[in-house]
Amino acid sequence: MLAVAIDRETIRKFDVAGPRYTSYPTAPVWSDEVHERVYIERLKVFGQSEKVLSLYIHIPFCRTLCAYCGCNVIVRKQDDKYADEYLSCLFKEMDLVAQYIGRKKTIRQLHWGGGTPTYLSEKQIERLFQKTAEVFNVDLKGEIAIEIDPRTATKEKIDRLRALGFNRLSMGIQDLDPNVQKAVNREQPYEMIGDLYAYCRQAGFRSINFDLIYGLPFQTTESFSRTVSRVIGLKPDRIALYSFALVPWLKKHQKKIDEATLPPSDVKLDIFLQARSQLLDAGYQAIAMDHFALEGDELAKAFREGGLYRNFMGYTVKPADEYIGLGLTSISFLEDIYAHNHKALPEYYRLLRAGMLPVERGKILSMDDRIRQWTIGALMCRFRIDKNEFKKKFETSFDGYFTEEQAHIGRCVKDGLMKVDGETVEATELGKIFIRNICMGFDRYLRKQDAPGRFSRTV
Ligand SMILES: C[S@@+](CC[C@H](N)C(=O)[O-])C[C@H]1O[C@@H](n2cnc3c(N)ncnc32)[C@H](O)[C@@H]1O
Ligand code: SF4
């Protein structure tokens with residue numbers, strides 16, 4: 001049985017293009033107001049504080065390209081020379097960042113993402129970890145996580161990662177149906193995944209996450225329901241159930257996907273709702289927008305207790321004070337700025353070889369940005385806003401500040417997306433599914449004539 005009944009008319013109404021709010025303000029409104037000098041100033045201020053750090057490291061390489069991929073990737077056949085060249089510049093970036101910070105900071109959360117971090121050889125994995133541990137204090141009791149691709153994660157690499165101190169991993173599964181896998185150029189049999197998963201469990205990782213995507217070519221409610229059943233059978237601690245983001249104007253290779261093979265939006269939503277109810281029935285708790293965790297998992301507990309946070313690494317229980325991203329296309333959030341690294345590899349290499357930090361653009365947040373950032377964050381992580389908490393934090397009343405937004409809140413209440421109860425504004429069960437639509441009403445930049453670029457659809 002589905003948890004929420006949704007008809008086609010509702011889907012049509014709410015299926016609009018909208019941001020996923022991994023940041024606010026969203027990346028399309030960033031500009032060159034943030035450049036190397038601005039970033040260096042913030043690194044220095046951070047260095048003078050006692051604040052701790054979340055560090056993200058981006059490894060952009062993949063051996064082959066998955067047709068649906070929306071990540072920042074560079075396709076290279078397996079050859080150590082590509083990653084060796086990349087690591088040499090990444091180490092320069094790490095040294096520069098550490099030099100401007102001016103002291104050895106503690107990393108509470110370390111995350112390697114991509115692309116494919118397991119594109120690195122065992123030796124390269126070891127070198128990168130050791131370099132990080134030389135430059136920073138890596139808190140081995142913190143979250144040390146890596147995204148792995150089952151096709152490139154050998155058992156030897158898993159052993160090496162565990163021995164170094166990695167305690168969490170996230171596996172790209174997407175879909176287990178052979179027809180879907182073939183259509184998206186990502187063939188990885190269930191047996192191989194099951195075998196690797198058992199090995200990782202035995203190796204003692206504290207938490208294992210699976211990434212799934214709904215809305216891919218040739219998916220049907222039945223086929224994806226089989227995928228979800230098999231995933232449930234393996235019992236990963238967490239599952240990210242992503243909506244396929246089709247953005248061919250940003251990711252040219254997605255143009256190769258024949259749209260006639262994609263499930264229409266009502267079927268896509270059915271696939272999601274079916275998967276969601278299977279996961280809930282199996283004891284997973286729905287966490288914020290698109291994550292699920294076993295009831296005993298610390299993420300589920302934090303969500304129940306209102307202690308969940310979101311950054312570019314996803315949802316987290318233990319937010320560090322500041323967030324630094326290293327590598328091609330990485331994003332940092334320091335003090336009051338977002339800083340975004342260059343996307344083109346030659347430029348990234350050129351700047352670092354010249355001794356410069358490869359910052360391309362970003363955003364300096366105004367007070368209004370920070371207030372809306374907090375509000376959208378509360379909706380994405382907790383599905384609710386406590387007006388008293390808002391007042392305490394910003395010394396102004398929620399209703400007084402958001403006068404223009406009252407009409408949006410009223411519409412959301414009328415549409416059954418939100419309810420207002422005394423001092424709290426809360427998403428309903430329906431509103432939780434369309435949380436991006438609710439957040440969009442608080443996004444000041446979407447209202448402007450020159451509203452930022454195009455986004456994927458909310459369904
Ligand atoms: C960097 S990848 C994970 C690591 C590794 N590259 C892999 O694919 O196994 C991060 C995740 O983003 C998700 N993803 C990639 N492209 C997407 C898209 N267009 N829409 C929704 N999710 C997407 C996938 O679930 C993928 O596992
Ligand atoms: S989904 Fe993962 S493996 Fe596939 S192209 Fe994207 S980053 Fe690479």
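**Exercise 1. Determine which residues Thr428 touches, leaving out those up to four places away in sequence, and whether Thr428 is buried or exposed.**

Solution. In this predicted model, the contacts of Thr428 beyond four places in sequence are Gly416, Leu417, Met418 and Lys419. Next, place the residue: Thr428 belongs to the loop between β19 (424-427) and α16 (429-433). Finally, its relative accessibility is 16%. Buried means under 20%, so Thr428 counts as buried.

**Exercise 2. Classify the aromatic pair of Phe390 and Phe402, and state which parts of the chain the pair ties together.**

Solution. Step one is the search of the whole structure, which yields 22 aromatic pairs. One of them joins Phe390 and Phe402, with 5.7 Å centre to centre and 50° between the planes. Stacked pairs have planes under 30 degrees apart and edge-to-face pairs over 60, the rest being tilted; the pair of Phe390 and Phe402 is therefore tilted.

Step two is the location. Phe390 lies in helix α13 (residues 387-394), whereas Phe402 lies in the loop between α14 (398-401) and α15 (406-414); the pair therefore ties together parts that are 12 residues apart in sequence.

Step three concerns burial. Phe390 has a relative accessible area of 0% and is buried; Phe402, at 0% relative accessibility, likewise counts as buried.

Step four widens the view: Phe390 and Phe402 belong to one aromatic cluster, together with Trp374, Phe394, Phe398, Tyr401 and Phe442.

**Exercise 3. Describe the surroundings of Asp290, beginning with its place and ending with its polar contacts.**

Solution. Asp290 is located in the loop between β9 (284-287) and β10 (291-294). With a relative accessible area of 6%, Asp290 is buried. Not counting residues up to four places away in sequence, Asp290 touches Arg20, Ile239, Ala240, Leu241, Tyr242 and Tyr315. Of these, Arg20 also makes a polar contact, side chain to side chain, at 2.8 Å. The side chain of His291 is likewise joined to that of Asp290 by a polar contact of 2.8 Å.

**Exercise 4. Which residues surround ligand 2, and how do they divide into nonpolar, polar and charged?**

Solution. First, list the shell: Cys62, Thr64, Leu65, Cys66, Tyr68, Cys69, Val73, Gly115, Thr116, Asp149, Arg151 and Arg186 surround ligand 2. Then sort it: the shell holds six nonpolar, three polar and three charged residues.

**Exercise 5. Over which rings do the charged ends of Lys105 and Arg230 sit?**

Solution. The charged end of Lys105 sits over the ring of Phe46, 4.3 Å from the ring centre. For Arg230, the ring is that of Tyr190, and the distance to its centre is 4.0 Å.

Methods. Residues are numbered from 1 along each chain as its sequence is written. Chains are lettered from A and ligands numbered from 1 in the order in which they are written. This is a predicted model: local features need pLDDT of at least 70, side-chain atom pairs count only at pLDDT 80 or more; totals for chains, interfaces and linings use all residues. Side-chain values use heavy atoms; hydrogens and water are left out. Helices (H or I, at least four residues) and strands (E, at least two) are DSSP runs, numbered from the N terminus. Buried means under 20% relative accessible area, exposed over 50%, partly exposed in between (1.4 Å probe, protein chains only). Contact means heavy atoms within 4.5 Å. Rings of Phe, Tyr and Trp (its six-membered ring) pair if their centres lie within 6.5 Å; planes under 30 degrees apart count as stacked, over 60 as edge-to-face and the rest as tilted. A charge sits over a ring if NZ of Lys or CZ of Arg is within 6 Å of the ring centre and within 35 degrees of the ring normal. A residue is near a molecule or strand if one of its heavy atoms lies within 4 Å of it. Ala, Val, Leu, Ile, Met, Phe, Trp, Tyr, Cys and Pro count as nonpolar, Asp, Glu, Lys and Arg as charged, and the others, Gly among them, as polar. A polar contact is a pair of N or O atoms within 3.5 Å; within protein, one must be able to donate a hydrogen and the other to accept it, and residues adjacent in sequence count only if both atoms are side-chain atoms.
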